[in-house]
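Me: I've got a new model open and I'd like to learn how to read it. Could we start with how one helix sits among its neighbours?

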Amino acid sequence: MTGFLGAALSFPTVLFSFLLVVVVGYWLLVLTGVLDLGDDLDVDGGAGTFLAGLGLGGVPSAIIFSLLVAVAWFVSLAGTALLDGLGFGSGIRVLVSIGVLLAAAFCAWLVTRLVAIPLGRLFPAESDATRHAFVGRLCVVRTGTVTADFGQAEVTAPDGSSAVVQVRQPGEEKMTAGSSALIYDYDTEGEFFWVMPAGPAFDPLRHSAT
């Protein structure tokens, strides 16, 4: 255990160890509903454009970044453990460690690129026309609340497929997870849908609460 911690906190692994903690913390907050994942699921945003230039496009940036960090951490940890066993002097150790850092970065890019190709099929790019098709449809709230700057809901498209989309409401109506809402507009600039509470006939949860 001591050897593992020593390798994880040695250069260059320590750089990726810190990032790995951030990644794990991020996904824990997403799973508990504290953070909103939606913006990071935008394949075509600014981050998506940058990743596409690296050959990592077509997959949400949060997933790509998590894969890069995880693979780089593993490779650098293995390299650091190998260096500890070789017993290099301090000068040579620094130079070889830099080489391990570069190798870890390259392996992370290569593995993530290979994984991104099949994953990209799960995240087809949506056009504004496709998104506007959701206007007028009912959705089910998937976050604990919906406010003017936070909220997600699941909506079913005309073809039967479902999608989790970003939703907002201008007022302060109570909308909790599981309640139904009506999508009445789409904000192209913010890339989210405006919603309002559905009537009791469409929202048994809200009706029973009253």
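Reply: Sure, and keep in mind that this is a predicted model. Follow the buried side of a helix and see what it touches: the buried residues of H5 pack against helix H2 (13–31) and helix H4 (61–86).

Me: Which residues of H5 are buried?

Reply: Look for Arg93, Ser97, Val100, Ala104, Ala108, Thr112 and Ala116 in H5.

Me: What does the end-to-end span of H5 come to?

Reply: Compare the span with the expected rise per residue. Helix H5 covers residues 90–119, 30 residues in total, and its first and last C-alpha are 42 Å apart, close to the 44 Å expected at 1.5 Å a residue.

Me: And how many helices and strands does the protein chain have?

Reply: Count elements, then read their order. The protein chain has seven helices and five strands, running α-α-α-α-α-α-β-β-β-β-β-α from the N terminus.

Me: What share of the 210 residues is buried?

Reply: That's 33% for the protein chain. As for contacts with a separation of 6 or more, 58% join residues 24 or more positions apart.

Me: Where is confidence lowest, and where is it highest?

Reply: Start with the overall figure: mean pLDDT is 80 for the protein chain, with 80% of residues at 70 or more. Helix H7 (residues 204–209) is lowest with a mean of 45, while strand E5 (residues 192–197) is highest at 93. Residues 203–210 have pLDDT below 50, and this stretch makes 12 contacts in the model beyond near neighbours in sequence. Where pLDDT is low, don't read the predicted coordinates in detail.

Definitions and conventions
Residues numbered from 1 in each chain as written. Predicted model: local features only at pLDDT ≥ 70, side-chain atom pairs only at ≥ 80, totals over all residues. Heavy atoms only, no water. Helix = DSSP H or I, 4+ residues; strand = E, 2+ residues; numbered from the N terminus. Buried < 20%, exposed > 50% of the residue type's maximum accessible area, 1.4 Å probe, protein only. Contact = heavy atoms within 4.5 Å. Expected span 1.5 Å × (residues − 1). pLDDT = per-residue confidence, 0-100.
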